Amino acid sequence: MITDLTEGKPSKVLWGFSIPMLLSVVFQQLYNIVDSVVAGKFIGALALAAVGASYPITMIFMAIATGANVGAAVIISQLFGAKSFERLKTSIFTSVISIVVLAAALSVIGIIACGGMLGMLNTPDNIFADSKVYLNIYIAGLIFLFLYNICTGVFTALGDSRTPLYFLIASSVGNIILDIVFVVVFDMGVAGVAWATFIAQGISSLLAFTVMLKRIRGIKSGKYKKFSFRMLGNISRVAVPSILQQSFVSVGNLCLYKAE
């Protein structure tokens, strides 16, 4: 639902927009929490340690996805407010294409460097193999993580913070169910935990992308470019500082883990 946040009673509009976003933060954390709970309870302490060992690295990828979300949302919201719908659509498609390419590049680099990154963290030998399996599957699903975050940025920029929350709730519930099925029923171990997250995020991101395309088609406009390097530059000027800001905390945590 596209909403003009400049219309209506300010307090009601702000609360209606911000509460779903706050709830989204809570459900976003459920992925790691559920993975850890299932791994520790149904597989064992070593599996829990294996999932935890990957956490500092996964947070760096999450920081990049979140920063890209912010960069896209800022530019898209400005164009939406200015009712420049041709440039609005250009900014959306430029964001999606760019983030898919970035995710693909990071997936290739991440899978190649997976063992090295875990080695830098001094991951113990008894959990190294499981940590690598979990991290490899997580990295393979980066395209879904990044795509979902960009779709979320588009929805919020168009004044809709509820739709991303609905997808996130459904994805979190799906992740819980798949965790239990893969780990308890099929006894897939740490790989089952990782595949549950992969599938839940994949379905959620593709559905979010489908709904987003439908919303965009509903916006009347003239001809527009599907990709613009100039628009990418505008988005990057906001996204890159946001990514760096998000990443500093994650890199700091990575250094702390290494020091321990």
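# Briefing: helices, loops and a lined cavity

Isoleucine 139 touches Phe61, Leu106, Ser107, Gly110, Ile111 and Met117, leaving out residues up to four places away in sequence. The model is predicted. The points below cover this residue, a cavity, a kinked helix and several loop positions.

**Isoleucine 139**

- Isoleucine 139 is part of helix H4, which covers residues 125-140.
- Is isoleucine 139 buried or exposed? Its relative accessibility is 0%, so isoleucine 139 counts as buried; the cut-off for buried is under 20%.
- Alanine 63 is 76 residues away from isoleucine 139 along the chain. The C-alpha atoms of the two residues are 14 Å apart.

**Glycine 141 and the H4–H5 loop**

- Glycine 141 sits in the loop between H4 and H5.
- Glycine 141 is buried, because its relative accessibility is 3%.
- Beyond residues up to four places away in sequence, glycine 141 touches Phe198 and Gln201.
- Isoleucine 33 and glycine 141 are 108 residues apart along the chain, with 18 Å between their C-alpha atoms.

**The second largest cavity**

- How many cavities of 30 Å³ or more does the structure hold? There are 2.
- The second largest cavity holds about 40 Å³ of space.
- Its lining consists of Ile137, Tyr138, Gly141, Ala194, Thr197, Phe198 and Gln201.
- Gly141 is thus a lining residue, and its contacts Phe198 and Gln201 also belong to the lining.
- Which helices each supply at least two residues of this lining? They are H4 and helix H7, residues 190-217.
- H7 gives the largest share, 4 residues.
- By residue class, the lining has 4 nonpolar residues, 3 polar and no charged.

**Helix H2 and its kink**

- Helix H2 runs over residues 45-81 and has 37 residues.
- From first C-alpha to last, H2 reaches 51 Å. The expected span at 1.5 Å a residue is 54 Å, and the value for H2 is close to it.
- Where is the kink in H2 centred? It is centred on proline 56 and amounts to about 40°.

**Positive phi in two loops**

- Lysine 83 comes just after H2 and takes a positive phi of about 60°. Lysine 83 is a residue other than glycine.
- The loop that holds lysine 83 lies between H2 and helix H3, residues 85-120.
- Lysine 83 has a relative accessible area of 52%, so it is exposed; the cut-off for exposed is over 50%.
- Asparagine 122 also has a positive phi, about 55°, although it is not a glycine.
- Asparagine 122 belongs to the loop between H3 and H4.
- Why does asparagine 122 count as partly exposed? Its relative accessibility is 48%, and partly exposed is the class between buried, under 20%, and exposed, over 50%.

**Serine 161 and the H5–H6 loop**

- Serine 161 is in the loop between helix H5 (142-157) and helix H6 (162-185).
- Serine 161 counts as buried because its relative accessibility is 3%.
- Which residues does serine 161 contact, leaving aside its neighbours within four places in sequence? They are Gly16, Phe17, Pro20, Met21 and Thr156.

How values were computed:
Residues are numbered from 1 along each chain as its sequence is written. This is a predicted model: local features need pLDDT of at least 70, side-chain atom pairs count only at pLDDT 80 or more; totals for chains, interfaces and linings use all residues. Side-chain values use heavy atoms; hydrogens and water are left out. Buried means under 20% relative accessible area, exposed over 50%, partly exposed in between (1.4 Å probe, protein chains only). Contact means heavy atoms within 4.5 Å. On a 1 Å grid over the protein atoms alone, a cavity is a set of points where a 1.4 Å probe fits but cannot get out, and a pocket is an open set with protein on both sides within 12 Å along at least five of seven lines; lining residues have an atom within 4 Å of a point. Grid points are joined across faces, edges and corners, and a volume is the space filled by probe spheres set on the points. Ala, Val, Leu, Ile, Met, Phe, Trp, Tyr, Cys and Pro count as nonpolar, Asp, Glu, Lys and Arg as charged, and the others, Gly among them, as polar. The expected span of a helix is 1.5 Å times one less than its number of residues. The bend at a residue is the angle between axes fitted to the seven residues ending there and the seven starting there.
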